[in-house]
Amino acid sequence: MLTHAIYNQLLTKNVRIEIVYESSPVFADEEVSAIVRFRHLGEPSKQTIHHNASESNTNGHQEQQQNSAQSHESEPEGGWFGKRISMQLSNATRALFLEEAEKTEKKPALRNRPVDFLSGYVQLSGFFTYDEQVVDGEKLKDFRMKAAVAGRIGGLEGLELSKNLNEGVFGRLTSGIGNLLNTSIDELAAEDQDKKKELEKLVPFFSTSQSLLFSELHLESGEVKTFYFKCKLPKTLPPSYKGSSIGINYHLIVGASLNKSIPKPLNLHFPLKIYPNFDEEGYQPISNLDKFILLPPDKILNEAVQVYGGRRTSFKTIKKVILTEPKLTQNTKKEKFISRIEHLIDNEKDQDLNINDFKGINSKETLTAFTESINNRGEIDENIPVRVQKDGYTFEKQVTKIQTQYIISRNGQSITTLTFSKPFYKIGEEIKLSLDLHDKDLQTTGVLISLESLELIRDSFSADLDMTKTLPRSLAFYKESYPTYNVKNLPVNIPIPLHATPQFKTNIFESRWCLSLKFVLSQDEKYEEVHSDETGSMLNAKENISGTDFICRLPIPVLPSDQDFGGITT
């Protein structure tokens, strides 16, 4: 099954950049593996075609010109070059039309022109944006200044740091930065102060050094040059996120300079989706967005290298030929096994052998093993602390208790008993629940159910002194109302969208999931008697009844997905 994510953008009018991610999303502390293709969109070269075929094509072209010259005699009366059209158009109009037709015929020739590039590079970048009405931007200025690398914010080409305080943080903007804000190049002129103010809300927290892809690249018509990039991500990176007031974005930046007297860099930004790190004990790191992480070139596991081939070049081929990782020999495995046995003998407390000692398990496998272990045991070890310190960072446990049933009541009067199918869910799964409404103290006439992602800003970064704007801001992913007249049990299925972000925490804000329920309560009789006699009575539903609403929220742990998904974005 193919699970790659594919993106493509035009670098020039006849050169397209194609990015193929081996895995998407990518977990923090794992490797970003990507194929970068420079594809010339012109017609493939015909050097291998026999000369006779070329002559045949030339003769055919001459015959076509002759037929075109005589088309006014051979075309039917209603045709485009027919007599009726010729009679209606003036000579000047026909001349103008023929001139435009000649320009159209010349366009393919321009499309097939070779392209020369002076150099090309690839770079990873991570940044967050915020709403200044919710987050205090003054407290983030120092974060932005700390992220300056070689006079650029976040080390990004085009985000030059201003030397004049009156100009703001950014002194110059170039074309490729428009991709950061989904803005066209023409809208990002250097004098456009509105766009500069918008970029003032951009705070980089992660970047790699520019890794050279090539120098002096020449592309013939229809030619494809393929490169490979691989880099291990830091463990404490937050996930990609799009909230109501804060967004976290990652980009793979591909830049190239044209081979001219004044090389002008062209930059394209391709989105990269990242999941938070998840270890075997169910911990996730609390990310620090105020600590800028710059990975030097030696931290990139493999420099970008050129490989030969076109679209058929696969990750399997690249890794087999160029980047084959060394495997553990039998002697190494034996030494590790003996060392493990000696460690167990020396320790009084017995420990189970862990396959992790002999095989590297990725985050997806770790997540699968963790969830299956909890589902099989049906309980969590409460002796494990909620927060721990590892390598100078704080890690927090994501599943702290096992609870699938909630009794919802108001002032001691029962409304319903809600039961979840599982104690936690993962991105892409379906939340299955049921509401038991039979024989309760308070009767409900309807319920509004919504699945929400809550965004909570830390008080120290809040822009609102009264804390009215920084109350948990919700983003609804599902909302549906259900009538509950004479309903004893209400089953509900709620899908968690694949583009959503699992729960996580940073030092500025946190994102949690919850199920919001709004009950409509009424003790009034639903029917009124319109007629009664010895044979019986006639009832009619009331047009209006009085009632009250009751709102409650239930927490739902939502973890990253351990499944493979693929997609294509153009």
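Start your tour at Cys 552: in this predicted model, the residue is buried, with 14% relative accessibility. Next, add Cys 514 to the selection; Cys 514 is buried too, at a relative accessible area of 4%. Do these cysteines bond? Cys 514 is in no disulfide, and the nearest cysteine sulfur, that of Cys 552, is 9.8 Å away. Seen from the other end, Cys 552 is also in no disulfide, with the sulfur of Cys 514 as its nearest. A disulfide needs the two sulfur atoms within 2.5 Å, so this pair does not qualify. In fact, the structure holds zero disulfides.

Now for the rings. How many aromatic pairs does the structure hold? There are 15. A good one to select is Phe 38 with Phe 214: their ring centres are 5.2 Å apart and their planes meet at 90°, so this pair is edge-to-face. Colour by strand and you will find Phe 38 in strand S4 (residues 31–40) and Phe 214 in strand S11 (residues 211–219), so the pair ties together parts that lie 176 residues apart in sequence.

Switch on the surface while you are here. Phe 38 is buried, its relative accessible area being 0%, and Phe 214 counts as buried at 5%. Then widen the selection to Phe 117 and Phe 227: ring pairs link these two with Phe 38 and Phe 214 into a cluster.

For a last stop, pick Lys 390 and Phe 395. The charged end of Lys 390 sits over the ring of Phe 395, 5.4 Å from the ring centre.

Notes. Residues are numbered from 1 along each chain as its sequence is written. This is a predicted model: local features need pLDDT of at least 70, side-chain atom pairs count only at pLDDT 80 or more; totals for chains, interfaces and linings use all residues. Side-chain values use heavy atoms; hydrogens and water are left out. Buried means under 20% relative accessible area, exposed over 50%, partly exposed in between (1.4 Å probe, protein chains only). Rings of Phe, Tyr and Trp (its six-membered ring) pair if their centres lie within 6.5 Å; planes under 30 degrees apart count as stacked, over 60 as edge-to-face and the rest as tilted. Helices (H or I, at least four residues) and strands (E, at least two) are DSSP runs, numbered from the N terminus. A charge sits over a ring if NZ of Lys or CZ of Arg is within 6 Å of the ring centre and within 35 degrees of the ring normal.
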